[in-house]
Amino acid sequence: MLGFGRTAWFRLAVAIILAIGLLAAAVLAAKGLRSLPAVQSFLTDFPGTSQLPSGAPVGFPAWLAWQHGLNVFFLLFIVRSGWQVRSAGRPTMFWTRRNTGLIRTKQAPTRMGINVWLHLSVDVLWVLNGLLFYVLLFVTGQWVRIVPVSWDIIPNAVSAALQYVSLGWPVSDGWVNYNALQTLSYFTIVFVAAPLALATGIRLSPLWTSRRLSELVPLRPTKAVHVGVMIVFLVFVVVHVTLVFATGALRNLNHMYAVQSDDGWTGFWIFAASVVVMIVAWFAAGPRLLRAIASLGGTVISR
């Protein structure tokens, strides 16, 4: 990896060793807690799943599988382009929107680096996909699966967390109902992290030109929040993928990709195909392709 010296690799190795040590200590501590009579009684009273309202939908509709796959694809390139914006030096290409199409402004369009253009372009697709997700979520009633509807979600989430850390996975069927910790996690990602990423991204965008509003929304803390939200997304993805494969990979992949509740291989092969598509897109998204796509809506010049 470019820019990674010996000191950085050493720090990374130390961080990994410390993380493994802390994880092992947490597992041992959780197992010790679960042996206590009071904790066992707590786990009996709160098994880790909060009851859904009567009439809650069972299973996953096809649109949710498509939304899930598209969100993964868009998030991959949002994180990639965002990191390139932060880590790269002066851009090698700049894009300027043509002011003759459907979107016309009195002022001249803002010139931006090609990585910023890619980041904003994928952001737009992600937001449109997200708006459709919100609409379908409430129209179909699927919202009750990821929005807490009773206060017992809190102790049940504590119970589920203790079960996860002690490596005794919560006994629940995601096809019918998420466990409480999953519900709170999905709620946070969908209704807190995603809107926060959008709000801070708008402030950081070169399209933000209001000086008066800039004084009300300072740049530095906005950047910190935006990067923090990216880290939250990355941590969520790592934990989510790990648990998908650790708690019944075939069944979980069938839920998410094949909208089926069995242990067949359909979901796995759809997931594998989506990974291939993302890998191909990752390597194909080089300067030549970006220049060709960006030129469709504006003028691209090299430095």
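**A salt bridge, a nonpolar patch and two positive phi values**

Visitor: In this predicted model, Arg-251 forms a salt bridge with Asp-263. Which parts does the pair tie together, and how many residues apart in sequence are they?

Guide: The closest N and O atoms of Arg-251 and Asp-263 are 3.2 Å apart, and the cut-off for a salt bridge is 4 Å. Arg-251 lies in helix α9 and Asp-263 in the loop between α9 and α10, so the pair ties together parts whose separation in sequence is 12 residues.

Visitor: Are those two partners buried or exposed, or something in between?

Guide: Buried would need under 20% relative accessible area, and exposed over 50%. Arg-251 has 29%, while Asp-263 comes in at 48%. That puts Arg-251 and Asp-263 in the class called partly exposed.

Visitor: How many salt bridges does the count come to?

Guide: The rule asks for a side-chain nitrogen of Lys or Arg within 4 Å of a carboxyl oxygen of Asp or Glu. Arg-251 and Asp-263 form such a pair. By this rule the count is one.

Visitor: Staying in helix α9, what does Asn-252 touch?

Guide: Asn-252 sits in helix α9, residues 249-258, and is buried because its relative accessible area is 17%, with the limit for buried being under 20%. Leaving aside residues up to four places away in sequence, the contacts of Asn-252 are Leu-243, Val-244 and Thr-247.

Visitor: Where does Val-259 lie, and what is its phi?

Guide: Val-259 is in the loop between α9 and α10 (266-284), and at 27% relative accessibility it counts as partly exposed. Its phi is positive although the residue is not glycine, with a value near 45 degrees.

Visitor: And what about the phi of Leu-167?

Guide: Leu-167 belongs to the loop between α5 (153-165) and α6 (180-204), and it is partly exposed at 49%. Here too a residue other than glycine has a positive phi, near 65 degrees.

Visitor: Which residues form the nonpolar patch on the surface with Trp-9?

Guide: Trp-9 is in helix α1, residues 6-34, and is partly exposed at 43%, which clears the over 30% needed for patch membership. The patch has about 390 Å² of accessible area together, and Trp-9's partners in it are Leu-12, Ile-16 and Ile-20.

Visitor: UniProt lists residues 116-139 and 224-246 among its transmembrane regions. How far apart are the end C-alpha atoms of each span?

Guide: Those listings come from an unreviewed entry. In the model, residues 116-139 are 100% helix and 0% strand, and residues 224-246 are likewise 100% helix and 0% strand. The end-to-end distances are 34 Å for 116-139 and 33 Å for 224-246.

Definitions and conventions
Residues are numbered from 1 along each chain as its sequence is written. This is a predicted model: local features need pLDDT of at least 70, side-chain atom pairs count only at pLDDT 80 or more; totals for chains, interfaces and linings use all residues. Side-chain values use heavy atoms; hydrogens and water are left out. UniProt positions are given in the numbering used here, feature names are shortened, and annotations may be inferred rather than shown by experiment. Helices (H or I, at least four residues) and strands (E, at least two) are DSSP runs, numbered from the N terminus. Patches are made of residues with over 30% relative accessible area and no salt bridge: like charges are joined within 9 Å, nonpolar side chains (Val, Leu, Ile, Met, Phe, Trp, Tyr) within 5 Å. Accessible areas come from the Shrake-Rupley method with a 1.4 Å probe; for residues, only the protein chains shown count as cover. Buried means under 20% relative accessible area, exposed over 50%, partly exposed in between (1.4 Å probe, protein chains only). Contact means heavy atoms within 4.5 Å.
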